[in-house]
Amino acid sequence: MAEKTGIDAAIVYAKGDATAPQGKGVKMIVHVCNDLGGWGKGFVLALSRRWPEPERAYRRWHRERARNDFGLGAVQFVPVGEHVWVANVVGQRGIRTGSKGVPVRYEAIAAGLGRVADKALESGASVHMPRIGCGLAGGKWSRVEPLITQRLIGRGVAVTVYDQ
């Protein structure tokens, strides 16, 4: 995959599994987590089938939240292989749609993607993800896609979004 920057840059859409990212070099798999410490439905199940570390790290991060940065917009970077990282982005408030609407929090995803861009640029990583925030979190891709374009593509980070 050729690197594109500036006006020619765009999200690359691919068929496949985001837990098996394509391409060479350092890869960062990005997904959205809730702020309750819950891990058990959606894309996280595919992550846990492949690697135990992201779930273990997330649960510990939540458990110790009084002494760390856990909260909406925070990101935890978990190494799962020599050149593969998982980024746990806290981008949803709770887990159920209710009186306050759907759980997705676009501003938290935007903040988290800014942190992902910093880490990706520092490590030379490409970013790989499903359509974050649009499954159980209830978000709309029409709102998430521009955040990815602004926060990642706009800073020169290559992004691949996987559809099954």
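This report describes the fold, the surface, three salt bridges and one loop residue of a predicted model.

## Overall fold

The protein chain of this predicted model contains 4 helices and 6 strands, and along the sequence these elements follow the pattern β-β-α-α-β-β-α-β-α-β. The radius of gyration is 15 Å, close to the 15 Å that the globule rule gives for 164 residues, so the protein chain is as compact as a globular protein of that length. Taken along the principal axes, the C-alpha atoms fill a box of roughly 40 × 35 × 30 Å.

Contacts within the protein chain often join residues that are well separated in sequence: of those between residues at least 6 apart, 68% connect residues at least 24 apart.

## Burial, surface and charge

Of the 164 residues in the protein chain, 48% are buried. The protein chain exposes about 8500 Å², and carbon and sulfur atoms account for 50% of that area.

The protein chain carries 24 positive and 14 negative charges, and the mean positions of the two sets lie 7 Å apart. Side chains of opposite charge can pair when their charged atoms come close. In the whole structure, a search finds 5 salt bridges, and three of them are described below, each with its place in the chain.

## Salt bridges between separate parts of the chain

Aspartate 17 and arginine 50 form a salt bridge through their side chains, with an N to O distance of 3.4 Å. This pair links distant parts of the chain, since aspartate 17 belongs to the loop between strand S1 (12-15) and strand S2 (27-34), whereas arginine 50 belongs to helix H1 (residues 43-50), 33 residues apart. Aspartate 17 is partly exposed at 27% relative accessibility, and arginine 50 is also partly exposed, with a relative accessible area of 42%.

A second salt bridge joins arginine 93 to aspartate 35, where the closest N and O atoms are 2.8 Å apart. Arginine 93 is in the loop between S4 and H3 and aspartate 35 is in the loop between S2 and H1, so this pair ties together parts that are 58 residues apart in sequence. The two partners fall into separate accessibility classes: arginine 93 has 45% relative accessibility and counts as partly exposed, whereas aspartate 35, at 15%, counts as buried because buried means under 20% relative accessible area.

Arginine 131 and aspartate 163 make a further salt bridge, and their closest N and O atoms are 2.8 Å apart. Here too the pair links distant parts of the chain, with arginine 131 in the loop between strand S5 (126-129) and helix H4 (141-151) and aspartate 163 in strand S6 (residues 159-163), 32 residues apart. Arginine 131 counts as partly exposed at 33% relative accessibility, and aspartate 163 is partly exposed as well, with a relative accessible area of 22%.

## Isoleucine 95 in the loop between S4 and H3

Isoleucine 95 is found in the loop between strand S4 (84-92) and helix H3 (106-123), the loop that also holds arginine 93. With a relative accessible area of 44%, isoleucine 95 is partly exposed.

When neighbours within four places in sequence are set aside, isoleucine 95 is in contact with Asn34, Leu36 and Pro103. The C-alpha atom of isoleucine 95 is separated by 9.5 Å from that of glycine 138, a residue 43 residues apart from isoleucine 95 along the chain.

Technical notes
Residues numbered from 1 in each chain as written. Predicted model: local features only at pLDDT ≥ 70, side-chain atom pairs only at ≥ 80, totals over all residues. Heavy atoms only, no water. Helix = DSSP H or I, 4+ residues; strand = E, 2+ residues; numbered from the N terminus. Buried < 20%, exposed > 50% of the residue type's maximum accessible area, 1.4 Å probe, protein only. Contact = heavy atoms within 4.5 Å. Rg over C-alpha atoms; globule rule 2.2 N^0.38 Å. Areas by Shrake-Rupley, 256 points an atom, 1.4 Å probe, with all protein chains shown as cover. Lys, Arg positive; Asp, Glu negative; His and termini not counted. Charge placed at Lys NZ, Arg CZ, Asp CG, Glu CD. Salt bridge = Lys/Arg side-chain N within 4 Å of Asp/Glu carboxyl O.
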